[in-house]
Amino acid sequence: MRKSTLAHWQKAVDQGLPFVLYRKPAQGKVRLWQQQSVALHTMHPESRGFVMAPFSPTEPSYVFSPDVLTDFEWPREQRTGGYDFSADADAVAQNQHINLVSQGIDAIKKGVFEKVVLSRKWCTTHKKDPLTLFTALLDSYPQAFCYLWYHPKVGMWAGASPELLLKTKAGSLQTMALAGTQQVQGETDPQWTPKEIEEQAIVSRYLQQRLDPWLTEMELDGPENVKSGHLWHICTHLKGQYHRADFNRILEQLHPTPAVCGHPKEKAQAFILAHEGYDRKFYTGFFGELNMGEAGADQSELYVNLRCMELRGQVADIYVGGGITIDSDPEKEWDETVKKSRAMGKVLQ
Ligand SMILES: C=C(O[C@H]1C=CC=C(C(=O)O)[C@@H]1O)C(=O)O
């Protein structure tokens, strides 16, 4: 069954037209979404389709129109073998990241912001074709939103995001505050440090504050431990009732959250754009279904673009980052990005 499905997907890839393949968290179904022209539609307030939005507020967000949607059953196969922690140990990249994190901590100490999320790009080569890579993501990350996205004028991206940005349906809204990272160690539960607890609490408080004017019946669930591949995170779920007319303003309030940018947002974002020294492109942007209910009715499901890579032929740019607070240790922050990059690198082997 997997063989005939893969043959179908391969035809879509070979057509060279825009497409996205994706599976929502904990589902057994993969959707193939094809656009029948190479038109590049930018997002506007009434857009309906599959959106791909960048981190930078000055870059365009693209929307695929839902020309052809096909759903496929994709039974899960357990992936064997552990994670290979042998690559991505570049001393130059390590020094650069440690310097960047140290600058971030200095800015926090000076009171410029409370938290900033700093990242880097690991450029590696591989021999996998995009579909084999996508199926490795599906099998390795059953609880994540796994995708393979392509537009001939923009490029190809793949990833497995653990983080919901915004889910709306019939007047109800859900989001999550996700932060803090530890590697899974056998069956033991993670023990969080005060730094990690505070790092996640900043995200949770921010979401509550930003959503408070727009939501009624706000409910919080958590914090709880959630697993994504071989990593643990801390997560608080938030939900409430909202007015459909406020959707775009709420999205503006949330993105980018302190889980991927910092707090206060504007100061952290300015620091990132000035100091990271590379273009995040779609990493820490968001993607997913926008206004997909009947006749464009209220039904959206958007995820933060984390644990992702840009595929440029046999080259993969893997994007990784971590939340910096006053208690951060630059060496440990480097190690965290290495753990994240190797988890992604594993699916390329
Ligand atoms: C920015 C990333 O993760 C965010 C989401 C979860 C945990 C994070 C952390 O522990 O720092 C980050 O806030 C990334 O994986 O590139």
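**A nine-stranded sheet and the helices on it**

In the hairpin of E1 and E2, where 5 residues lie between the strands, Ala 26 takes a positive phi near 60°. The model is predicted: local features need pLDDT of at least 70, side-chain atom pairs count only at pLDDT 80 or more, and totals for chains, interfaces and linings use all residues. Residues are numbered from 1 along each chain as its sequence is written. Helices (H or I, at least four residues) and strands (E, at least two) are DSSP runs, numbered from the N terminus.

Strand E1 (residues 19-23) and strand E2 (residues 29-34) are antiparallel and joined by 4 bridges; two strands pair if DSSP finds at least two bridges between them. Leu 21 of the hairpin stands opposite Leu 32 in E2. E2 also pairs with E6, antiparallel, over 6 bridges, and there Arg 31 has Asp 71 in E6 as its bridge partner.

These strands belong to an open sheet of 9 strands with antiparallel pairing, in the order E6-E2-E1-E8-E9-E17-E18-E7-E14. Strands E6 (68-73) and E14 (262-263) are at the edges with a single partner strand each, so one side of each is left without a neighbour in the sheet. Towards the E14 edge, E7 (residues 115-125) and E18 (residues 315-324) run antiparallel and are joined by 10 bridges; Lys 121 has Tyr 319 in E18 as its bridge partner. Helix H7 (residues 330-346) packs on the sheet, touching E7, E17 (308-312) and E18, and its direction makes about 145° with that of E18. Contact here requires C-beta atoms, placed from the backbone, within 7 Å; axes are lines fitted to C-alpha atoms, for helices over the stretch in contact, and angles run from 0 to 180 degrees between N-to-C directions.

Helix H2 (residues 91-109) has as its buried residues His 97, Leu 100, Val 101, Gly 104, Ile 105 and Ile 108. They cover an arc of only 140° around the axis, which puts them on the same side of H2; the arc is that of the directions from the helix axis to the C-beta atoms. On the other side, Ala 91, Val 92, Asn 95, Asn 99, Asp 106 and Lys 109 are exposed. A residue is buried if 20 or more other C-beta atoms lie within 10 Å of its own, exposed if 12 or fewer, and partly exposed in between. The cover over the buried residues of H2 includes E7, helix H6 (265-275), E18 and H7. Just after H2, Gly 111 takes a positive phi of about 85°.

How values were computed. Two residues are in contact if their C-beta atoms, placed from the backbone, lie within 7 Å.
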